[in-house]
Structures are given as structure tokens and as C-alpha cells.
Amino acid sequence: MTSKNGKCKSFIHKRIPITSWLPRYNSEMALADAIAGVTVGLTVMPQALAYAALAGLQPQYGLYSSFLGCFIYAMFGSCKDITIGPTALMALMTYQQVVNRNPDYAILLCFLTGCVMILMAFLRLGVLVEFISQPVTVGFTTATSVIIIASQIKGLLGLSYQSSGFISTLHKISINIHNTKLWDAVLGITCIVILLLLRKVKDIVIIDKLNPSNRRRILSKFLWLLSTSRNALVVVCCSLIAFMLQNNYGEVPFKITGSVRPGVPPVQLPPFSTELGNRTVVFSEMLTDLGSSIILVPIIAVLGNVAIAKAFADGEPVDATQELFTLALCNLLGSFVSSMPITGSFSRSAVNHASGVKTTLGGIYTGVLLLLALDQLTPYFYYIPNAALAAVIISAVIFMIEYEVMEPMWKANRRDMIPMFATFIICLFVGVEIGIVVGVCLNIALLLIYSAKPKVTVEKIEIDSEIEYICIKPNTSIYYPGVERLRNIVLKAAKYQLPVVIDCTLMEDTDFTTAKSISSFIKEFSSKKQALFFYNAQPRLLSVLTPICINNFIHFDNFDDLKTVLNELDKERIPNEDAIELTNLSPTSEDIPINSTSKDIIKTYEEPLLTSTNDIQTPKSN
């Protein structure tokens, strides 16, 4: 009974992390969480309004999407620094489903995102995000950043047009650029400059010779707070300017947000049908309209959230399944309060971390502040200029353009740039969903190409100046894409009328197809009465080969036993005058004669070729 209770308690602590640390919660932690939570709340408010506009929704939907995730993550989240809410990437993917439609599509997408995540969590499919490699992620985030920046030119310059897609946006900008509103452009560009300058304020080093401890610490903290709350400060100042111009001159020279629906959103079921163009769109048709985004939005959301968790985990393991389950609840329940799809925000999580948050309860304070804003502050959102919100978005996503990774990627492995550029270009010119699918497929194709060309070393080994044999050593596990290459190498080696030994030291595993192919060339060696042995096969490899290679599968774990058998074969061997001279064993046309002296390398099947016997580890003779 005690053992069962212990397992149950451990399971509860794992799936509801708040239960493990809440008994140790104290006033010091509460104060730190309160400061961090309020700071994040001041950051998320202007961002939420801006991301709602980016998603093609009314401003209040940004706030609707921001508060519930804070409460849910406080109970179920495993990383104290993460804050859940709308992000630029989720807003962009939502916009592609909302454009020329209505907010019901965004809310339904949020609900379906939660459902797919719940299914992935129960099936423990969080590991699928590992298939999206870093080059694909870089191409995707860089492309979406460029798309987002292009989409905000409209608000930044005070233009009016409808567009869908990057090319369409550029075209509409080019034909409407002459309609640029001077005051919108001045305000927007000024806001960007101020935001970028305030971003660097926290890095100023304070030197105070009179009182180097207290005064410097207070001033540094003030500069950090000024830098952290820059979005809120810029939006508030611009709103005050718009308010004073409205009161004093009766009009505002730039476009403003307008009315924001006040109050907390009602709790209701997500829309499973909607009215669009004077007709009713049923649930099945809405699913068809949403298309691949039902799968891709959850995957992208999980990818971002797990990446943030790993960034702030300080080397500790991240439970991807728990993060997936928590994010699923945030989206699933968020859809009941009219939320669009949400995930972890890296910028706000960084603010949370820098603010000294101690536990996930910091999100409670952020959520409460957002609820108060919905209830009390919505009348004041009326005067927020669109250009200021556009500046907030541009200043945030411009740093998501990861151009700095290109140089180390070029130096490390140039082939990784293929999926990166393919993802980037297709996301820009075709669509972000198709872009990431193509990027992942290209990445898998490259992996298959690599596995189809396994690195294999071939040597002639001479023991005690008497015994000779051909040693074939795969330098990795071989699976079905690379089995034909191994087969060609082994059959090529058979021409030299010497025993062939396949050294399996580094070949830890294989598959059924490879095992069948190995069985076939074992039979060929047996029919020619030529020796083929396997040396140092790992238990996992043997478990696959033994049931398939039933006849004449001879393997040795001890080199002395192998040496004894080779010695006996050498005594029985009759020199064959017709044996081919020992040359390159390459199955290709690149035949380069090599000396056949003891332990000379015949060929290493890799790029680049090995040029010294010091690069090869061969079995040691006694």
C-alpha cells in the first residue's frame, strides 16, 4: 500500500508540479513573483493589442488570449520562467486563417490546437518536434519575421489595403506607398528608434566613485526597469499625445485603435459553426477551410514552447510531454474565453527571468493584472495609435531574424543550409505551412542520403606475417538505405580469395531489410566455399541477425578464437594463381592502385578519404 501511495504521489507531483513546491512557498518568493508578474503584465498588454491586430482581430482578442494561460501554467507548468500568451508567430499563422473570414475561425483553431496537443500528449508524441532541425527552425522563424515586418508597414505608414501573403503585401505596399500619412510615418519611425534605444539602456555600465554600492545598484535597477517596460511606456506616451490632440484640436492626425470592447469575455463553447457572407458555415466546412493549420499550428506552438523551456532550464531535463499537456490545456480552455492560439513567448519569458521570478505563481499576478485591464482600462485603449503598435511588433520580431547563424553553419556543414534556405524561400513566397513541411521533408531526405552512404573502412590485415584476411569495418550502424553499399563492398572483397571479416564493433544495430541482405551474401560466400566471419557483434545487432541469418552465420566475440580459425584456414588454403592483384576495392570507377603490404588501407568509403593507417583501429594480434 505504501509503495502504491508513493507512486501515486510521485505521479501527481510530476503532472501537477505546483503540488511539489507549494508547501515550501514563502513570503520572499511571493514578493519576487509579484514583482515579476506585474512587470510581465505591463509588457504583455501592449504586445497583446499589437498581436491581435497582426492576427486580423479586434484589439480585445489579444487580451482575451493573454490571461487564462497564465493561471493554467501556474498550476501545470514545469518551467518557472515561461509565460503563455499570444505571440507574433501564432498571430501570423492565425491571420492566414482569419483573413476574409471572422474571429470564429481563430477561436475554433485555438480549440482544435488544444485537442491535437491533448492527443499528442497522451500518445507521447512530443518527441516529434525533434524532427524539426535547427536549420529548418532558423529558416522558418527568419521568414516569418520578414513576413510580419512587411505586414506592419501598413500600420507604420498609415496605409489602407487588404492583402494575403508576402508577395501580395509587397505589391500592395508598392502601389499604395504614395498614400503614406506623414504623421503616422513620423510617429511609427520615432517609436521604433526609441524602442531600440531603450532596449540598450539596460546594458549601460554605471560607475559611481562616491557610493559604488547603493547608488549604482539603484540606478542600474531603474535603467533595467526602464528598458523592460519600454513597450508599455511608448504606448502610454503615444496614447496621451493622441488624447491631448483630440481634446485640444478635435482630431488626431494619425490612425488610432478605436473602441475596444470592455469587460471580461463570457465563458462559452467555441464556435462550431459561423455566419460568413450571409450564409451559415457548418463545422465540417470550417475544418476544410482551416486545412493543414490544424496540425501545423500545434506543432509550431509546441516547438517554440519546448525550445523556451530548454533555454531557461539551466541544463536540467525538460519534460516535453508535460509542457505539451500544459500548453494543450491553455489552448483548449482558452477557446472558451475567445482566445486565439497561444504558446510561450520568448521575449516575455526573458523579462520574467530577468525580473527574478521564483515560481510559476508569477503568472497569477500577470493574469490578475490583465483581468483588471479588461475590466477598467479598455476605454483608454481607444487612443493607442496603430503606428505605435506596429512599432512594438517590428521592434520585437526584428531580432528573430537569425542571420548570425549562417557563418557557423557554413563552416560546420554547408549541406544544412539547403533545408534552411528552402524553408525560408517557400515560407516567403508560397506559405509558412508549406514551407515548414518542405523543410522537414528535405531534412529527412538528407538524413536518408547520409544513411545510404555509410562510412566503411576496408583493410588487408596480416597477423604474425602468416595469416592474411580482408577486414571490413562499418563505422556506424547500417540500415536499409545503406545496405546495398555494404553488399557491394563485401562482394568486391570476395574477389581477392582471402577470408573476409566484418568488424561489427561500431555497428550497434540494424533492421530487417539489412539482415536479409546480409543473409543473402552469407549464402553467396558459402556457395563459393569462401570464409565470411563477423567479429565483435553487439547483443542488439545479434538479436536482429540471428533469427534471419540462420545458416553459416559465424561470429566471434574473442579475437583469439578468430585468429585460431583464420590460422586453420590459412593452412588449408591453396594459392590461386588466378586471384586478382590487391587493388582498390571501390565499387565505383575511381580505381587507384595501392600497395598491398601488411596493414595498408585498401579503401575507406567516406568523404574525405583516410590517408593514414593511424586513422584506423584494427584488431590487435597477440
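Is Glu285 buried, partly exposed or exposed? Glu285 is partly exposed, with a relative accessible area of 27%. This value, like the others in this report, was computed from a predicted model.

**Salt bridges**

The side chain of Glu285 meets that of Arg279 in a salt bridge, with 3.0 Å from N to O. Arg279 is also partly exposed, at a relative accessible area of 41%. A search of the whole structure finds 7 salt bridges. The table lists some of them.

| Acidic residue | Basic residue | N to O distance |
|---|---|---|
| Asp319 | Arg15 | 3.2 Å |
| Glu285 | Arg279 | 3.0 Å |
| Glu468 | Lys460 | 2.9 Å |

In the first row, Asp319 pairs with Arg15 through their side chains. Asp319 is in the loop between helix 13 (293-311) and helix 14, while Arg15 belongs to helix 1 (residues 2-15), so this salt bridge ties together parts that are 304 residues apart in sequence. The two partners differ in exposure: Asp319 is partly exposed, with a relative accessible area of 24%, whereas Arg15 counts as buried at 14%.

**Around Thr321**

Arg15 also appears among the contacts of Thr321. Thr321 is part of helix 14, which covers residues 320-334. Its relative accessibility is 15%, and because buried means under 20%, Thr321 counts as buried. Apart from neighbours within four places in sequence, Thr321 is in contact with Arg15, Ala121 and Arg124.

**The hairpin of strands 5 and 6**

Strand 5 (residues 456-463) has 7 of its 8 residues buried, so the strand is largely enclosed by the rest of the structure. Strand 5 pairs with strand 6 (residues 467-474) in the antiparallel sense, over 8 bridges. Together the two strands form a hairpin with 3 residues between them. One residue in the turn, Asp464, has a positive phi of about 55 degrees.

Lys460 is linked to strand 6 by a bridge to its partner Ile470. Lys460 also takes part in a salt bridge with Glu468, in which the closest N and O atoms are 2.9 Å apart. Lys460 is buried, with a relative accessible area of 9%, and Glu468 is partly exposed, at 22%.

**Helix 19 and the nonpolar patch**

Which residues form a nonpolar patch on the surface? They are Ile167, Leu170, Tyr403, Met406, Phe421, Ile425, Phe429, Val430 and Ile434, and together they have about 860 Å² of accessible area. Two elements give two or more residues to the patch: helix 8 (166-176) and helix 19 (417-429). Helix 19 gives the most, with 3 residues. Ile434, one of the patch residues, lies in helix 20, which covers residues 432-452. Ile434 is partly exposed, with a relative accessible area of 46%.

Phe424 also lies in helix 19. Phe424 is partly exposed, with a relative accessible area of 22%. Patches are made of residues with over 30% relative accessible area, so Phe424, at 22%, falls short of that cut-off. Not counting residues up to four places away in sequence, Phe424 touches Gly139, Thr142, Ala143 and Val146. The C-alpha atoms of Phe424 and Thr141 are separated by 8.3 Å, although the two residues are 283 residues apart along the chain.

Definitions and conventions
Residues are numbered from 1 along each chain as its sequence is written. This is a predicted model: local features need pLDDT of at least 70, side-chain atom pairs count only at pLDDT 80 or more; totals for chains, interfaces and linings use all residues. Side-chain values use heavy atoms; hydrogens and water are left out. Helices (H or I, at least four residues) and strands (E, at least two) are DSSP runs, numbered from the N terminus. Buried means under 20% relative accessible area, exposed over 50%, partly exposed in between (1.4 Å probe, protein chains only). Contact means heavy atoms within 4.5 Å. Patches are made of residues with over 30% relative accessible area and no salt bridge: like charges are joined within 9 Å, nonpolar side chains (Val, Leu, Ile, Met, Phe, Trp, Tyr) within 5 Å. Accessible areas come from the Shrake-Rupley method with a 1.4 Å probe; for residues, only the protein chains shown count as cover. A salt bridge is a side-chain nitrogen of Lys or Arg within 4 Å of a carboxyl oxygen of Asp or Glu. Two strands pair if DSSP finds at least two bridges between them.
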